[in-house]
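Work through the exercises below with the structure open beside you. Try each task before reading its solution.

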Amino acid sequence: MWSNAVPRWAPFKKEKSMRIKRVAAVAAVAALSFAMTACGGDSGTGSGGSGASGIVGKAEGQKKLVIGVKADQPGLGLQTGSQYEGFDVEIAKIIAKGLGVEEGNIEWKTTVSANREPFIQQGTVDLVVATYTINDERKQKINFAGPYFIAGQDLLVKADSTITGPEQLEGKKVCSVSGSTPAKRMQTEYPKAQLQQFDAYSKCLPLLENGQVDAVTTDDIILAGYAAQDQYAGKFKVVGKTFSEEPYGIGLKKEDKTGCEKINEILKAAASDGSYKAAWDKTLGKSGKAAPELDTTKLTNCGSV
Amino acid sequence: MHVFADPTNFDAYLSGFLWILKLTGASAVFALVIGVLLAAMRVSPVPVLRGFGAAWVNIFRNTPLTLVVFFCYFGLFSTLGLSLAEDLNLNNYWLGVIGLSVYTAAFVCEAVRSGVNTVPTGQAEAARALGLTFAQTLRIVVLPQATRSVVAPFGSILIALCKNATIVGTIGLMESSNVMKDLLNANGDAVIPIFLVFAGTFAALLIPTGYFFGWLANRLAVKR
């Protein structure tokens, strides 16, 4: 196709048109990759297996699933070597089992807060179980099953601290993760607190230990996971007064209503047969917190009106 | 461009680049002063000073800047308790300036030292013959000629410094790269436009800087 661009009767122009050709080729490639990334979001209903589409189809056809989890949150999704462990991971295993996929056939993928929607939209992962708060903004892009847990924003303070709630944070220094919902809530609702932001909660903890910040804030369940870590045992406490409600859901493709309903069924079954409680006891239960009741009446309607 | 039409986002974008400019400005001044001093040490006849200069350059030039900035935060501030300002952001800012300055000073030092090599030996010999001391020779004869010959490398170092300033974002200062991450996080549908705006702003700041230093280098060059 490019050779037509060089007129045979103009050999003396060849060098110049070669250069133009190359520039055009580079531009075309750039435009193409641009277009591909831009369109990645709405490219069909996923690479489902034979017959049924979506994750149910894929689980039946390929007996494999790619699941996105967090890698840096103790108790929820923590990567040690090539292993992932935590409550989110256990929930993901229950769902995979319910879909007929064996534990060994799950491919775990690390997701961070910023790339969860793109990963689902582009089909990089089939499911996301990563402290994923269900909200309307996200519902426009993806579908949520669950919630499998209701968290709430809370404060982690030193064991001897006198802070009992967010309203006492005036002039105090608070640490959180930039771009996260808890950080944004601090800025809008408690602007008098000074906010130190990092890219991971793990960086906040040494500061809290040394007293450079007075509190760390995010969802209570995440804080409990940090407080239960061996090296911090007994040094910190979770205030225990939540000031928001964060229902954790399981993210999947917006079109995949069948998959979403199937996951909700699996969650219901898990609540009644005790595997939900077992997952809790194995992970976050170690912090001493009793297993919560999974309220199956609150499960999402999977986007149906 | 609906992302930047929102005034909160636009303010965040502006303040992000304002932090970058402030970091670059303060660090450039400190790095220039420290760098020239280090270069003077490295060409001095005193072995201890030469060793100090060489050690500084080798340590900071070969350490990733992220580590240097992290050390400033977690080492100087968190562990040793060096607090530079009551305000959290200002404290992070000054810790960042320390990190950027000591790191960039190593590069400034080496640029100046290479400039010293461009000054003909006869100049220093003539100065000594006139009875000038080492300090006088350096200050009056050698350094003025040396620095004028390395204006172009200074430009490159300044440009690198400006881009390196984004690393201070890792200790929590809301500079441009952090603002960009936030905006990307909140607007997953406009990833490429947001990225292009931030990349374009850096280019718009730095391309003229490059040309300015090219022009300045020509103007100040010692004609021999």
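The exercises go from domains to sheet, hairpins, core and chain contact.

This is a predicted model, in which local features need pLDDT of at least 70 and side-chain atom pairs count only at pLDDT 80 or more, while totals for chains, interfaces and linings use all residues. Residues are numbered from 1 along each chain as its sequence is written, and chains are lettered from A, ligands numbered from 1, in the order in which they are written.

**Exercise 1. Find the domains of chain A and describe their contact.**

Step 1. Mark domain 1 (54–150 + 248–297) and domain 2 (153–238) of chain A. These bounds come from an automatic or database domain assignment.

Step 2. Take the centres over C-alpha atoms: 26 Å separate domain 1 of chain A from domain 2 of chain A.

Step 3. List the contact: domain 1 of chain A gives 14 residues and domain 2 of chain A gives 14 residues. Two residues are in contact if their C-beta atoms, placed from the backbone, lie within 7 Å.

Step 4. Look at the domain 1 side. Strand 2 (72–73) and strand 6 (127–133) of chain A each supply at least two of its residues. Strands (E, at least two residues) and helices (H or I, at least four) are DSSP runs, numbered from the N terminus.

**Exercise 2. Trace the open sheet of five strands in chain A.**

Step 1. Read off the order, 5-1-6-13-7, with mixed pairing. Strands pair if DSSP finds at least two bridges between them.

Step 2. Find the edges. Strand 5 (106–110) and strand 7 (142–151) of chain A each have a single partner strand, so one side of each is left without a neighbour in the sheet.

Step 3. Check one pair. Strand 6 and strand 13 (residues 246–253) of chain A are antiparallel over three bridges. Y132(A) has G249(A) in strand 13 of chain A as its bridge partner.

Step 4. Add helix 3 (residues 87–98) of chain A, which packs on the sheet and makes about 140° with the direction of strand 6 of chain A. Axes are lines fitted to C-alpha atoms, for helices over the stretch in contact, and angles run from 0 to 180 degrees between N-to-C directions.

Step 5. Add helix 9 (residues 257–273) of chain A. It lies across strand 7 and strand 13 of chain A, at about 20° to strand 7 of chain A.

**Exercise 3. Which glycine takes a positive phi in the hairpin of strand 2 and strand 3 of chain A?**

Step 1. Pair strand 2 with strand 3 (residues 77–80) of chain A: they are antiparallel over two bridges. D72(A) stands opposite L78(A).

Step 2. Inspect the three residues between the strands: G75(A) has a positive phi near 85°.

**Exercise 4. Locate the largest nonpolar core.**

Step 1. Apply the rule: a core is a set of buried Ala, Val, Leu, Ile, Met, Phe, Trp, Tyr and Cys residues joined through C-beta atoms within 7 Å. Buried means 20 or more other C-beta atoms within 10 Å of the residue's own, placed from the backbone.

Step 2. Of the 76 residues, those touching the most other members include I95(A) and L156(A). Helix 3 of chain A gives the largest share, seven residues.

Step 3. Both domains of chain A give residues to this core, so it lies between them.

**Exercise 5. How many residues of chain B are in contact with chain A?**

Step 1. Count: 14 residues of chain B meet 19 residues of chain A.

Step 2. Helix 9 of chain B brings the largest share of the chain B side, five residues.

Conventions: Buried ≥ 20, exposed ≤ 12 C-beta atoms within 10 Å, placed from the backbone.
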